[in-house]
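This report describes selected strands, one helix and several individual residues of the structure shown below. The paired strands are treated before the helix and the surface.

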Amino acid sequence: MTLQTLPEAALKRILALAAHYRDHPADAFTPSPALAKFMKSTSRRLYVRAANRVGKSVHAACKLAKLMLAHPNKKYRAVGVTNEQARQVLSNLLADFIPTKELKPGCRFTEENGWTHNLIRLKNGTSCQIKSCKQHVSTHMGADLDGVWIDEVPEQGVWLQALKRVFSKNGFVWLTFTPEGKPVDWLRKILEAADTPWECEVVALNRKNCPWYTQALIDKWVDEALVVPWAFKQTIYGDWEGEVVDRAFKGFETSSVSEDWEELGLPSHHLGIGVD
């Protein structure tokens, strides 16, 4: 059967659906099975700890774009690691999901410069600021927001400001990240506290979670990730920690240190240890 042989009513429905998806690209997005819950969740505190290349940022951008289009007169913020990452990744992804016809006059997106004044403004009165962790923390202050999306592990001051900005409006904070490249102990303690309000999704790189990749491509990426063994578990599984491959003091704790030499029955010595 071809389009020419379809009943007229069926053809009209297909054309109407195609037009809808063209004008509303976020509605055409099919989420990863592992992130379907994240996409539907209405929790005010969400985080996705994931492997590289599983589409965590794409999913968050789609989710935010849908909220922006559906809810008028709201104020949101998207925060990247650097100004360049915020422009090249977050701004680009949001542009993919926000129809040009929904933009307020004077607001536009270009590959070279991102969004006009780093601010997305819609005709329905909703806006979204584009910021980065490299901006001074004072630039993250002063606004009451309905929601903040932070992509990758933020600076602690930026994290704190995100929580403060949504307080008065009972807004949301989302965090999408792969825990590599910087200390994350402080963040882990917050997200995994016994009384944490944070809802978590952990996503590894595999064919089930990323059906848009072939198994051969995934296998190739796994082989390449093995070249950096200390970050392999984070890169492929989204683990909190990588492997220490050599020169490790195993089992060292503060309780291992004693100054009571008489109790130990050992003579007193001075010992210096240098670590590079």
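## Strands, helix H3 and selected residues

Strand E7 (residues 147–151) is mostly covered, since five of its five residues are buried. Buried here means under 20% relative accessible area, exposed means over 50%, and partly exposed lies in between (1.4 Å probe, protein chains only). Strands (E, at least two residues) and helices (H or I, at least four) are DSSP runs, numbered from the N terminus. This is a predicted model, in which local features need pLDDT of at least 70 and side-chain atom pairs count only at pLDDT 80 or more, while totals for chains, interfaces and linings use all residues. Residues are numbered from 1 along each chain as its sequence is written, and side-chain values use heavy atoms, with hydrogens and water left out.

In a regular strand the side chains alternate between the two faces of the sheet. From E7, Gly147, Trp149 and Asp151 point one way and Val148 and Ile150 the other way, and all are buried. Strand E1 (residues 45–50) has six of its six residues buried, so E1 is largely enclosed by the rest of the structure. Both of its faces are covered: Arg45, Tyr47 and Arg49 are buried on one side, and Leu46, Val48 and Ala50 on the other.

The strand pairings, each requiring at least two DSSP bridges between the two strands, are as follows.

| Strands | Sense | Bridges | Opposed residues |
|---|---|---|---|
| E2 (residues 75–80) and E7 | parallel | four bridges | Arg77 and Val148 |
| E7 and E8 | parallel | five bridges | Val148 and Val173 |
| E1 and E8 (residues 172–177) | parallel | five bridges | Arg45 and Val173 |
| E1 and E9 (residues 199–203) | parallel | five bridges | Ala50 and Val203 |

Val173 of E8 thus appears in two rows: Val173 stands opposite Val148 of E7 and opposite Arg45 of E1.

Strand E9 also holds Glu199. Glu199 is partly exposed, with a relative accessible area of 23%. Glu199 and Arg44 are 155 residues apart in sequence, and their C-alpha atoms are 8.6 Å apart in space.

Helix H3 (residues 56–70) has 15 residues, which at 1.5 Å a residue should span 21 Å; its end C-alpha atoms are 21 Å apart, in agreement with that value. The expected span is 1.5 Å times one less than the number of residues. The buried residues of H3 are Lys56, Ser57, His59, Ala60, Ala61, Cys62, Lys63, Leu64, Ala65 and Met68.

Ser32 is placed in the loop between helix H1 (8–23) and helix H2 (36–40). Its relative accessibility is 0%, so Ser32 counts as buried. The side chain of Ser32 reaches the backbone oxygen of Asn209 at 2.5 Å. Ser32 and Gly55 are 23 residues apart in sequence and 8.1 Å apart in space, C-alpha to C-alpha.

On the surface, Val227, Val228 and Trp230 form a nonpolar patch with about 310 Å² of accessible area together. Such a patch joins nonpolar side chains (Val, Leu, Ile, Met, Phe, Trp, Tyr) within 5 Å, from residues with over 30% relative accessible area and no salt bridge; a salt bridge is a side-chain nitrogen of Lys or Arg within 4 Å of a carboxyl oxygen of Asp or Glu. Accessible areas come from the Shrake-Rupley method with a 1.4 Å probe, and for residues only the protein chains shown count as cover. Val227 is found in the loop between helix H7 (215–225) and helix H8 (232–237). With a relative accessible area of 63%, Val227 is exposed.

Technical notes: Patches are made of residues with over 30% relative accessible area and no salt bridge: like charges are joined within 9 Å, nonpolar side chains (Val, Leu, Ile, Met, Phe, Trp, Tyr) within 5 Å. A polar contact is a pair of N or O atoms within 3.5 Å; within protein, one must be able to donate a hydrogen and the other to accept it, and residues adjacent in sequence count only if both atoms are side-chain atoms.
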